[in-house]
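Let us walk through this structure step by step, beginning with how its strands are arranged and ending with its nonpolar interior.

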Amino acid sequence: MNRIQWPFFRRRNTLQLEQEPAQQPASSVSVDDRARLIDTPYFLPKDAEEDTRLNFQHRALYAAMGNHYLAPIKPETTTILDVGTGTGIWPIEMNRLFPEAHIIGLDVSSSSFQYTSTAAYTFMIGDVLKGLPFPEKQFEFVHQRLLVAAIPTANWSTVIDELIRVTRPGGWIEVLEIGVTIKNAGPETARLLAWMGDRSKERGFDMGMVSQLGQLLTRAGLQDVEINHIPAPLGTWGGHVGSMLKTNVLSAFNALKGAYCTQANMSPEQFDTWVQSVAREWETLHASYVFHAAYGRRAPDA
Ligand SMILES: C[S@@+](CC[C@H](N)C(=O)[O-])C[C@H]1O[C@@H](n2cnc3c(N)ncnc32)[C@H](O)[C@@H]1O
């Protein structure tokens, strides 16, 4: 047994948690020469190129939203969990806003972690589909961002229940996803999104879930649920933010290409040509990309 001393417990008590060392999935290189995790449903690549994209995406989201979170958490918040943390950039940036907090960045694989754990943040392995490796009621703020390619449709409710389980009474849970809604999209964009949606369904994923996050939180019993559908410009027509989002979305489509083209028996070149025509529509029609976010509070006495 490993004995893990959570640093933030030092402020309150000396509770120690016993847990087996977490196992992480192996990776393999697929048709598009990109490494992906095996033994887990997550279907985006897990390689240096994707890590670069995730950090760029983090900056693009910040440029579009002007903050790293939406929930009305108190400045004195000290216990924060980021589920599916990726490179760990969100805990690092949140630490600047909450210097007194201890932030845990958890991911099914440590291969993307770009930071070493300190007294302010801990990076650790854990699989949200198998249950979070924490006792209940630990965190004042639980954040999960961009796991739509990791959580099959059938698992969403259980995952939300798990986020709630580890949240303290009165604490906040926030989830944010992107990827299904492009406003002012032309016919090619609509066709590509529908095609991608069908490929995802074949894998057991419903991308439409991302616009239902608020309903999921409400159904799970959270209070004060707020739903945000935030549009941001997509394309160079939209200046700095629009250009960043365009770069990120094209790069995300490229990351999905290998998996989807293999499933549909489509050539990568055909896919690239399709995406180019889609991107032209964004510029001529002034398309907007929509972020779907929701947050809610665990009942104070639950
Ligand atoms: C698209 S990335 C988002 C990373 C980060 N949340 C961000 O916003 O930059 C999804 C992350 O979820 C992780 N992941 C996939 N399946 C997971 C699971 N079952 N449990 C925990 N993390 C998972 C992946 O390894 C990857 O780092």
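This is a predicted model, in which local features need pLDDT of at least 70 and side-chain atom pairs count only at pLDDT 80 or more, while totals for chains, interfaces and linings use all residues. Residues are numbered from 1 along each chain as its sequence is written, and side-chain values use heavy atoms, with hydrogens and water left out.

A good place to start is strand β12, residues 288-297 (strands are DSSP runs of E with at least two residues, numbered from the N terminus). Nine of its 10 residues are buried, so β12 is largely enclosed by the rest of the structure; buried here means under 20% relative accessible area, with a 1.4 Å probe and protein chains only.

Strand β12 has several partners, where two strands pair if DSSP finds at least two bridges between them. With β11 (residues 223-233) the pairing is antiparallel over nine bridges, and Ile-227 stands opposite Ala-294 of β12. Strand β9 (residues 167-177) also pairs with β12 in the antiparallel sense, over six bridges, and there Glu-177 faces His-292. Strand β10 (residues 182-183) adds a further antiparallel pairing with two bridges, in which Ile-182 has Tyr-289 as its bridge partner.

Turning to the interior, the largest nonpolar core (buried Ala, Val, Leu, Ile, Met, Phe, Trp, Tyr and Cys residues joined through side-chain atoms within 4.5 Å) has 67 residues, and Leu-81 and Leu-163 have the most contacts inside it. Helix α6, residues 239-264, gives the most to this core, with nine residues. Apart from this core lies another of 17 residues, among them Ile-73, Phe-98, Ala-120 and Phe-141.

How values were computed: Buried < 20%, exposed > 50% of the residue type's maximum accessible area, 1.4 Å probe, protein only. Helix = DSSP H or I, 4+ residues; strand = E, 2+ residues; numbered from the N terminus.
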